[in-house]
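Dear colleague,

Please find below the structure that I am handing over to you, together with its sequence. My findings follow directly after it.

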Amino acid sequence: MPIDQEPHILCTDLVRIFTADGVEVQALQGLNLRVDSGEMVAVVGASGSGKSTLLTILSGLDTATAGVARVAGHDLLTMGSRERVAYRRRTVGFVWQQTSRNLLPYLTAAENVALAMNVARTRRGAGRARRVDELLGLLEVGAERDRRPAELSGGQQQRVAIAVALANDPLVLLADEPTGELDEAMSSAVLEAMRSVNDELGVTTLIVTHDPAVSGHVRRTVQIRDGRTSTEVLRSTRVDEHGEEQHVAEEFAVLDRVGRLQLPQDFMHSLELRDRVRLALESDHVGVWPGHERRPDAPTPPPSATPPSSATPPRRARHAAGPEASDRTEEER
Ligand SMILES: Nc1ncnc2c1ncn2[C@@H]1O[C@H](COP(=O)(O)OP(=O)(O)OP(=O)(O)O)[C@@H](O)[C@H]1O
């Protein structure tokens, strides 16, 4: 695929196995993810689902065991140490959960951003000073430019951290739990700041978090379960027949190249699906039934018919009007 048509982040069948005390842990078990240039996507999942492992690989700090991981044309599994340094210096920006990892405590906000430009060798002199103020202004911490981190609120520190992450003009911004140490109001402000950066600068943005509230701030939320992407929620705004704006959230199961998908756990529990299931190809959907019994009203699948799912029907295309209804969708997951 030509590089200019490639998604900015592409993970195909990504595997990461850790070995600790002779025991193997499969942190990523064939994860698939595609993020196009300019998109802003949140990856959410329970503790231990593999979120940090994914981000550490995408940031070039760790290498996957198998599969494909490409970011802005860089092959993260095969790149050598020089390319890795250049990749981390110029292609990606990072925001970590701990502000101490993002900012130097003895430098002011402006000095922290300027230092990052120095490291990345982006801009000099008056151009650098102007850009420092532009970035701090964009993140709405321009008035705090001469304060040190200890003199800023947690939310302000994270907004300065985003300015630092943008100092090298990255193509891709990666954030690991950027709101993990913040209260709800500050989290919301930081996520909105990331959204305006994404809108204004067009930087492809991936946020990894356990906080389901993040999905209220992004158009696409990808759920990881057991080291694999399982479902996605896409949000959009439509105008209804009365001219009113409606916020719509639709949830989809993710289908990989060979037809594998994860059934949501609540579906499995409510129909007691386990071990094996019956499948039937209908004209516009694929039916799934418990393998140990047959629903009386279920159409009988042909004896040999266990066709691989060839289409990805929406898990349930719930059209939710208004933010409250959208939130309900998140809670139900
Ligand atoms: N260096 C390591 N050595 C051994 N096992 C590891 C290592 N790093 C992660 N794991 C294991 O891999 C799995 C995924 O971990 P990961 O940190 O990616 O999850 P997470 O979704 O980020 O969780 P959390 O939200 O708690 O940070 C877990 O079972 C974890 O114990």
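In this predicted model, the axes of helix α4 (residues 154–165 belong to its partner, helix α6) come within 8 Å of the axis of α6, and the two cross at roughly 25°. An angle under 35 degrees counts as roughly parallel, and α4 is therefore roughly parallel to α6. Their crossing is right-handed. On the α4 side, the contact is made by Ala109, Asn112, Val113 and Ala116, and on the α6 side by Val160, Ala163 and Val164. Sorted by class, the residues of this contact are six nonpolar and one polar, with no charged residue.

Helix α6 also packs against a further helix, α7 (residues 184–201). The angle between α6 and α7 is about 20°, and their axes are 9 Å apart. This pair, too, is therefore described as roughly parallel. The crossing in which α6 passes α7 is right-handed. From α6, the residues Gly154, Gly155, Gln158, Arg159 and Ile162 take part; they meet Met186, Ala189, Val190, Ala193, Met194 and Val197 of α7. The contact of α6 with α7 divides into seven nonpolar, three polar and one charged residue.

Returning to α4, which neighbour does this helix (residues 109–120) pack against at an angle of about 120°? The neighbour is helix α5 (residues 125–138), and the two axes are 10 Å apart. With that angle, α4 and α5 are therefore oblique to each other. Helix α4 passes α5 in a right-handed crossing. The contact involves Ala109, Ala110, Val113, Ala114 and Met117 of α4, together with Arg128, Val132, Leu135 and Leu136 of α5. Eight of these residues are nonpolar, none is polar and one is charged. You may wish to look at Ala109 and Val113 in particular: both are listed in the contact of α4 with α5, and both are also listed in the contact of α4 with α6.

I now turn to the chain as a whole. Its domain assignment gives domain 1 (3–228) and domain 2 (262–311). How far apart do the C-alpha centres of domain 1 and domain 2 lie? The distance between these centres is 40 Å.

Finally, there is a database annotation to mention. An unreviewed UniProt entry lists residues 9–261 as "domain: ABC transporter". Over residues 9–261, the chain is 31% helix and 32% strand. The C-alpha atoms at the two ends of this stretch are 21 Å apart.

Yours sincerely,
A colleague

Technical notes
Residues are numbered from 1 along each chain as its sequence is written. This is a predicted model: local features need pLDDT of at least 70, side-chain atom pairs count only at pLDDT 80 or more; totals for chains, interfaces and linings use all residues. Axes are lines fitted to C-alpha atoms, for helices over the stretch in contact, and angles run from 0 to 180 degrees between N-to-C directions. Helices (H or I, at least four residues) and strands (E, at least two) are DSSP runs, numbered from the N terminus. Angles under 35 degrees count as roughly parallel, over 145 as roughly antiparallel, 65 to 115 as roughly perpendicular and the rest as oblique. A crossing is left-handed if the near helix is turned anticlockwise from the far one by less than a right angle, and right-handed if clockwise. Two residues are in contact if their C-beta atoms, placed from the backbone, lie within 7 Å. Ala, Val, Leu, Ile, Met, Phe, Trp, Tyr, Cys and Pro count as nonpolar, Asp, Glu, Lys and Arg as charged, and the others, Gly among them, as polar. Domain bounds come from an automatic or database domain assignment. UniProt positions are given in the numbering used here, feature names are shortened, and annotations may be inferred rather than shown by experiment.
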